[in-house]
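Please walk through this protein model step by step, with attention to helix packing, charged pairs, cysteines and backbone angles.

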Amino acid sequence: MYTQGLDQKGKVVQSSDASESADQLDAFQKRVDAEDKIEAKDWMPAAYRRTLLRQISQHAHSEIIGMQPEGNWLTRAPTLKRKAILLAKVQDEAGHGLYLYSAAETLGVSRDQMVADLLSGKAKYSSIFNYPTLTWADIGAIGWLVDGAAIMNQIPLCRCSYGPYARAMVRICKEESFHQRQGFDIMFELSRGNDEQKAMAQDALNRWWWPSLMMFGPNDSDSKHSAQSMAWKIKRFSNDELRQKFVDVTVPQAEFLGLRVPDDDLSINDKTGHYEFGDIDWQEFYDVLAGNGPCNRQRIEKRGQAQVDGAWVRDAARAYADKHATAAAA
């Protein structure tokens, strides 16, 4: 999932509005604990609604912004087949954004407002998309690492307590699995190529490895929202649990490719069976999240221009809908 900016010190804190009684909160938690799905018209705590809005809208923004670094290579992919595959992937990401905006709208906020919050800087998107795609190998690394990390986050969301979000994630996860395989295939071909191609693959891994680990969000001890989100079953695993799963799965894949993970502290713990890895540069993470990454300004400017350029399409769609609504009423 692309929502690591949400999790910034953690214990469960029930934040309730004055109008919410203890009985209401207790009944709601019992429904969640019983694995009942919460639907849009059901009563829910205001804090639960706010958490979902923050998470789902950030997820949606990330899918749409995430089209930019890959769209950068649509005209430069090495073969017609690669162009077609990449075009399908970018189109999928647009669809994911639409599913997620629709899920967020069920919570009472319009898509226009969510986009306005993004463009004003009030809302965030995943920091991973503020890094540039310098070579074709970066497209492979995004699919393999970034989408691989996303899948690790997103599969548990198919069991999220909020029904509209959980149902949207079922299809999204199926398509993200294709994206991860597409990226791994690119890296596989490059790693089996000539020396220049192998070096390109290694360089992409070097640059995308640590930002991919940051995607899971801050360490659990520094994550202020995780505990409550897990109590509400919005999240099913902690940031550190998901990060560890990702490392355990991905390191053997890198070894299969003949690539070296850029971490001198990486080693397997024979007792636990897990890989131990070096410290993450969290200052870089927070700097990028605050808007100081390599491509932050470029990403938002491009998204803002797309919003302006697409205004006539939205106006035409509204006019068409109004026309038919008037005719039907008559």
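The paragraphs below go through one helix, then charged side chains, then cysteines and backbone angles. The model is predicted, and side-chain atom pairs count only at pLDDT 80 or more.

Helix H10 is a convenient place to begin. Helix H10 covers residues 239-257, 19 residues in total, and spans 27 Å from its first C-alpha to its last, close to the 27 Å expected at 1.5 Å a residue. The buried residues of H10 include the hydrophobic side chains Leu 242, Phe 246, Val 247, Val 251, Ala 254 and Leu 257. Asn 239, Arg 243, Asp 248 and Thr 250 are also among the buried residues of H10. The cover over these buried residues includes helix H6 (136-154), helix H7 (163-191), H8, H9, strand S2 (275-276) and helix H11 (282-292). After H10 comes Gly 258, which has a positive phi, near 80°.

Arg 243 of H10 leads to Asn 219. Asn 219 sits in the loop between helix H8 (195-214) and helix H9 (226-231). Beyond its neighbours within four places in sequence, Asn 219 is in contact with Asp 240, Arg 243 and Trp 282. With Arg 243 there is a polar contact between the two side chains, at 3.4 Å. Asn 219 counts as partly exposed because its relative accessible area is 26%, and the buried class ends at 20%. Asn 219 and Ala 201 are 18 residues apart along the chain, and their C-alpha atoms are 29 Å apart.

Next come the charged pairs. The structure holds 17 salt bridges. In one of them, the side chains of Glu 39 and Arg 167 meet with an N to O distance of 2.8 Å. Glu 39 is in the loop between H1 and H2 while Arg 167 is in helix H7, so this pair ties together parts that are 128 residues apart in sequence. Glu 39 is partly exposed, at 26% relative accessibility.

A second salt bridge joins Asp 147 and Lys 89, with an N to O distance of 2.6 Å. This pair also links distant parts of the chain, as Asp 147 belongs to helix H6 and Lys 89 to helix H4 (residues 80-105), 58 residues apart. What is the burial state of Asp 147 and Lys 89? Both residues are buried.

The salt bridge between Asp 315 and Arg 318 has its closest N and O atoms 3.4 Å apart. Asp 315 and Arg 318 lie three residues apart in helix H13 (residues 311-329), so about one helical turn separates them. In general, an α-helix has 3.6 residues a turn, so residues three or four places apart point the same way. Asp 315 is partly exposed, with a relative accessible area of 46%, and Arg 318 is partly exposed at 41%. Elsewhere, salt bridges that share partners join Arg 31, Asp 36 and Asp 42 into one network.

Asp 117, in helix H5 (residues 111-120), is a charged residue without such a partner. Why does Asp 117 have no salt bridge? The nearest side chain of opposite charge, Lys 122, is 4.3 Å away, and a salt bridge requires the atoms to be within 4 Å, so the pair does not qualify. Asp 117 is nevertheless buried. Leaving aside neighbours within four places in sequence, Asp 117 is in contact with Lys 122 and Ala 123.

The cysteines are next. How many disulfides does a search of the whole structure find? The search finds zero. For Cys 160, the nearest cysteine sulfur is that of Cys 158, 9.8 Å away, whereas a disulfide needs the two sulfur atoms within 2.5 Å. Cys 160 is buried, at 0% relative accessibility, and Cys 295 is buried as well, at 5%.

The last topic is the backbone. Most residues other than glycine have a negative phi. Glu 35 has a positive phi, near 70°, and lies in the loop between helix H1 (22-33) and helix H2 (46-65). Glu 35 is partly exposed, with a relative accessible area of 39%. Lys 233 likewise has a positive phi, near 60°, and is found in the loop between H9 and H10. Lys 233 is buried, because its relative accessible area is 18% and the cut-off for buried is under 20%.

Technical notes: Residues are numbered from 1 along each chain as its sequence is written. Side-chain values use heavy atoms; hydrogens and water are left out. Helices (H or I, at least four residues) and strands (E, at least two) are DSSP runs, numbered from the N terminus. Buried means under 20% relative accessible area, exposed over 50%, partly exposed in between (1.4 Å probe, protein chains only). Lys and Arg count as positive and Asp and Glu as negative; His and the chain ends are not counted. Contact means heavy atoms within 4.5 Å. A polar contact is a pair of N or O atoms within 3.5 Å; within protein, one must be able to donate a hydrogen and the other to accept it, and residues adjacent in sequence count only if both atoms are side-chain atoms. The expected span of a helix is 1.5 Å times one less than its number of residues.
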